[in-house]
Amino acid sequence: MPFARLAAATTPTAHLGLGLAAVGRPGYITLGREDDLPPSRSVEALRERSVELLDAAYASGVRYFDVARSYGRSEEFLADWLRARPDVDDVVVGSKWGYTYTADWRTEVEGPHEVKDHSVAAYDRQRAETAALLGDRLDLYQVHSVTPESPALTDKELHGRLAALAAEGVTVGLSVSGPEQAAAIRAALAVTVDGEPLFRTVQATYNILETSAGPALAEAHDAGLTVLVKEGLANGRLADPYAPPALREVAEETGLGCDAVALAVLLAEPWAGVVLSGAATSVQLVSNLHAAAVDLAAGQLERLVGLAQDPAAYWEGRARLPWN
């Protein structure tokens with residue numbers, strides 16, 4: 001598996017990844033983006049910002065990069081960055097299919113910014129689109145935001161397509177979303193093709209506000225899957241200036257940012273293979289990467305564990321975040 005490259009890495013930041021969701025398109029739900037992005041959110045402005053972040057992340061030891069078909073032009077930005085740096089051969093590249101970006105590079109639209117479709121037809125179309133951009137640099141292809149009722153868990157024709165992709169050397173995984181993440185993860189663990197497990201990675205939302213998927217992620221890890229953690233800062237709710245008081249207090253004690261402390265909690269989980277940063281600026285990225293240097297005492301961890309919310313309440317709050 002390509003994640004063996006990360007296992008062999010010796011830099012303290014090798015198990016932190018960079019996701020381009022916040023900079024691959026002009027609108028997203030991360031808090032504070034009106035201050036984080038350049039005044040012009042043109043394609044070229046965000047391409048430049050993506051390159052800046054990718055350069056900074058790679059120079060700092062980050063070796064996993066995460067994009068998706070629905071993250072605007074994120075695949076294109078990453079593909080251009082890789083082509084311009086042919087000597088960069090030690091990174092792991094993951095993308096996702098299953099959502100189509102529909103906002104047409106606008107921040108205000110009538111209706112959704114992205115539309116989910118886990119059908120075979122959607123896979124065929126988006127697989128071709130991803131291949132045209134990333135070619136053989138793609139290491140991991142994930143079904144985007146699987147929920148327990150998703151046909152991606154039951155469609156045998158789709159499973160055959162995904163198994164064929166795995167036979168070509170691309171790792172097949174899934175990301176999960178919503179208050180029933182644990183159920184979706186456990187259902188995915190049961191999916192096999194010709195007696196072999198289909199999914200080899202799982203990417204889930206897990207942070208100190210939303211911990212409900214933890215036991216299922218531990219089960220996935222024990223079953224041999226690589227676990228990737230997304231939304232570790234809860235779309236900005238665990239970063240300054242939005243962090244809750246208990247997190248602020250612990251961060252002050254460590255001398256580092258709320259974001260670094262929140263991500264450090266995730267890095268400490270024995271099942272966490274990669275923890276993603278969704279930074280939109282280089283300053284945020286550097287602060288996020290300080291997570292690798294945070295050493296939390298048992299008492300500090302106990303105070304942070306108390307911040308966990310009911311999953312339904314967490315996801316209801318997330319759904320109310322505005323696209324900005």
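Here is a quick tour of this structure, from its barrel to a few helices and one arginine.

What you're looking at is a predicted model. At its heart in this tour is a set of eight strands that close into a barrel, with parallel pairing. Several helices come up along the way, and one of them, H6, packs on the sheet.

**The barrel**

- Going around, the strands follow the order E1-E2-E3-E6-E7-E10-E11-E12.
- From one strand to the next, the twist averages 25°.
- Strand E1 (residues 16–19) pairs with strand E12 (residues 274–277) in the parallel sense, over three bridges.
- In that pairing, you'll find Leu-16 opposite Val-275 of E12.
- Helix H6 (residues 156–167) packs on the sheet, where it touches strands E3 (92–97), E6 (140–146) and E7 (171–176).
- The direction of H6 makes about 130° with that of E7.

**Helix H8 and what it packs against**

- H8 runs over residues 214–222, and its buried residues are Gly-214, Ala-216, Leu-217 and Ala-220.
- Look down the axis of H8 and those buried residues fall within an arc of 160°, so they line one face of the helix.
- As a rule, an α-helix has 3.6 residues a turn, so residues three or four places apart point the same way.
- The buried residues of H8 pack against helix H7 (181–189) and two strands, E10 (201–205) and E11 (226–230).
- Just past the end of H8, Gly-224 takes a positive phi of about 100°.

**Helices H4 and H5**

- H4 (residues 74–83) and H5 (residues 120–134) pack with their axes 8 Å apart, at an angle of about 25°.
- Angles under 35 degrees count as roughly parallel, so H4 is roughly parallel to H5.
- On the H4 side, the contact is made by Glu-75, Glu-76, Ala-79, Leu-82 and Arg-83.
- H5 brings Glu-129, Thr-130, Leu-133 and Leu-134 to that contact.
- By character, the residues of the contact are a mix: four nonpolar, one polar and four charged.

**Arg-63, a buried arginine**

- Arg-63 sits in the loop between helix H3 (43–59) and strand E2 (64–66).
- With a relative accessible area of 14%, Arg-63 is buried, because the cut-off for that is under 20%.
- Setting aside neighbours within four places in sequence, Arg-63 is in contact with Leu-6, Ala-14, Leu-16, Tyr-58, Asp-90, Val-91 and Val-92.
- One of those partners, Leu-16, is the residue that stands opposite Val-275 in E12.

How values were computed:
Residues are numbered from 1 along each chain as its sequence is written. This is a predicted model: local features need pLDDT of at least 70, side-chain atom pairs count only at pLDDT 80 or more; totals for chains, interfaces and linings use all residues. Side-chain values use heavy atoms; hydrogens and water are left out. Buried means under 20% relative accessible area, exposed over 50%, partly exposed in between (1.4 Å probe, protein chains only). Helices (H or I, at least four residues) and strands (E, at least two) are DSSP runs, numbered from the N terminus. The arc is that of the directions from the helix axis to the C-beta atoms. Contact means heavy atoms within 4.5 Å. Two strands pair if DSSP finds at least two bridges between them. Axes are lines fitted to C-alpha atoms, for helices over the stretch in contact, and angles run from 0 to 180 degrees between N-to-C directions. Angles under 35 degrees count as roughly parallel, over 145 as roughly antiparallel, 65 to 115 as roughly perpendicular and the rest as oblique. Ala, Val, Leu, Ile, Met, Phe, Trp, Tyr, Cys and Pro count as nonpolar, Asp, Glu, Lys and Arg as charged, and the others, Gly among them, as polar.
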